Amino acid sequence: MLFVLDIILNDDRKPMKSIKALAPATVANVSCGFDIFGFAVESPADEVIMTLKSESGVIIRQITGDGGKLPLEANRNTAGVAAEAFLKAIGSDAGAEIILHKKLPLGSGMGSSAASSVAALVAINHLHGNPFTREQLLPFAMEAERIACGSAHADNVAPSLLGGFILIRGYDPLDVASIPTPPNLYCTLVHPHLELKTEDSRRVLKASIPIKDAITQWGNIAGLVVGLMKPDYGLIMRSLNDVVAEPIRSVLIPGFANIKAEAIKHGALGSGISGSGPTIFALSTERGIAENVAAAIQQQFEKIKLKSDVFVSKINNEGARVVE
Ligand code: HSE
């Protein structure tokens, strides 16, 4: 059912449909799965209010919560790019107006650019009577990622759109699968007040890896999938290791080695860099453990005079949603 949040009269006094959608933050890579694993969390979530208009083109009317940093030009903003790609795909001459309330910190590694494009897509798709399935919306959101950081990776947009823990089995053609997770898995996110651009965090990576590291990495990838599905917490613990991106990127995060050690000491199954950083994620089997781990990580950041925000939640199996 189409939910009409608001009725706005345009210049011709025709009623315009408006709707609000939320898209959650995500943890991409999940240590060993660079560009192929990602899961959604419950909060924070970006909020988009989308209004259809009869004139063609996408307009971003307002952005809040970004400190004035995000572009209002639709073709430079992930929410705008995604909405434009959607309208082009359905061959629409009509347009849309977007209000974006940023709740995710920018350059945090929590899938900020993805959450905006996904919220815009879910809203505009809904306003058109859902001509596309969630999976069919993925390429539009990936195009927005390309604009944001130069790479059309799907490990943030896919879990934000679909919910749960997602495997990107392949990119050409795009092939995604959902991995069941144990119901008592809690995610800790600690976001230090630092900004890292995904583009920069990708540029530091090496173009090739030794076969020895590849063997370690694909063993961990398979181990994590089996560990989540069984579930086998020992196997999850042993598999939450990344020998490809983390050793290089961790130098960009002050105190990373201590942070990881503290997370494990306080009972986490594992911990690593969320997406391209600097946010740290950890997985635990109880909320209490996840909260203790959050406090321990936050304390490590405090020691080096870095303020941070904490988010603890279960894995969000629903993903983006239209708000009624
Ligand atoms: N897989 C991407 C990366 C996620 O690590 O660069 C970016 O958030």
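**From one arginine to the whole chain**

Arginine 202 counts as partly exposed, its relative accessibility being 21%. The cut-off matters here, because a residue is called buried under 20% relative accessible area, exposed over 50%, and partly exposed in between. The structure to which this arginine belongs is a predicted model. What does the side chain of arginine 202 meet in a salt bridge? The partner is the side chain of aspartate 35, with 2.7 Å from N to O. Aspartate 35 is located in the loop between strand 2 (15–28) and strand 3, while arginine 202 belongs to helix 5 (residues 198–203), so this pair ties together parts that are 167 residues apart in sequence. Aspartate 35 has a relative accessibility of 13% and therefore counts as buried.

Aspartate 35 also leads to another part of the chain. In space, its C-alpha atom is 7.6 Å from that of isoleucine 168, although 133 residues separate the two in sequence. Isoleucine 168 is part of strand 6 (residues 165–171). Is isoleucine 168 buried or exposed? With a relative accessible area of 1%, isoleucine 168 is buried. When residues up to four places away in sequence are left aside, the residues that isoleucine 168 touches include Asp35, Ile36, Ala154 and Asp155. Ala158, Leu174, Asp175 and Val176 are also among the residues it touches.

The pair of aspartate 35 and arginine 202 forms one salt bridge, and the structure holds 13 of them. Another joins the side chains of glutamate 195 and lysine 69, at 3.0 Å from N to O. Glutamate 195 is found in the loop between strand 8 (186–192) and helix 5, and lysine 69 in the loop between strand 4 (57–64) and helix 1 (78–89), so the pair ties together parts that are 126 residues apart in sequence. Glutamate 195 is partly exposed, at a relative accessible area of 45%, whereas lysine 69, at 56% relative accessibility, counts as exposed.

A salt bridge may also be found inside a single helix of this model, as helix 5 shows. Arginine 203 forms a salt bridge with glutamate 199, and the closest N and O atoms are 3.7 Å apart. Why are arginine 203 and glutamate 199 separated by about one helical turn? The reason is that they are 4 residues apart in helix 5. Arginine 203 is exposed, with a relative accessible area of 58%, while glutamate 199 is partly exposed, at 37%. Asp200 joins Glu199 and Arg203 in a network of salt bridges.

The backbone deserves attention next. Most residues other than glycine have a negative phi, and most peptide bonds are trans. Against this background, four places in the chain may be examined.

A cis peptide bond joins serine 43 and proline 44, with omega at about 5°. Proline 44 lies in strand 3, which covers residues 37–53. Glycine 277 and proline 278 are likewise joined by a cis peptide bond, for which omega is about 5°. Where does proline 278 lie? Its place is in the loop between strand 9 (270–273) and strand 10 (280–284).

Asparagine 130 is not a glycine, yet its phi is positive, near 55°. This asparagine is situated in the loop between helix 2 (112–127) and helix 3 (134–149). With a relative accessible area of 40%, asparagine 130 is partly exposed. Lysine 305, which is not a glycine either, has a positive phi of about 60°. The loop between helix 10 (287–303) and strand 11 (308–314) contains lysine 305, and this lysine is exposed, with a relative accessible area of 74%.

The chain can now be considered as a whole. How many helices and strands does it have? There are 10 helices and 12 strands. The radius of gyration of the chain is 20 Å, close to the 20 Å that the globule rule gives for 324 residues, so the chain is as compact as a globular protein of that length. Along the principal axes, the C-alpha atoms fill a box of roughly 65 × 40 × 35 Å. Of the 324 residues, 55% count as buried. Among contacts with a separation of 6 or more, 72% are between residues 24 or more positions apart.

The outside of the chain can be described in similar terms. The chain exposes about 13,900 Å², of which carbon and sulfur atoms supply 53%. It carries 30 positive and 33 negative charges, and the mean positions of these two sets are 4 Å apart.

Methods. Residues are numbered from 1 along each chain as its sequence is written. This is a predicted model: local features need pLDDT of at least 70, side-chain atom pairs count only at pLDDT 80 or more; totals for chains, interfaces and linings use all residues. Side-chain values use heavy atoms; hydrogens and water are left out. Helices (H or I, at least four residues) and strands (E, at least two) are DSSP runs, numbered from the N terminus. The radius of gyration is taken over C-alpha atoms; the globule rule is 2.2 Å times the number of residues to the power 0.38. Buried means under 20% relative accessible area, exposed over 50%, partly exposed in between (1.4 Å probe, protein chains only). Contact means heavy atoms within 4.5 Å. Accessible areas come from the Shrake-Rupley method with a 1.4 Å probe; for residues, only the protein chains shown count as cover. Lys and Arg count as positive and Asp and Glu as negative; His and the chain ends are not counted. The place of a charge is taken as NZ of Lys, CZ of Arg, CG of Asp or CD of Glu. A salt bridge is a side-chain nitrogen of Lys or Arg within 4 Å of a carboxyl oxygen of Asp or Glu.
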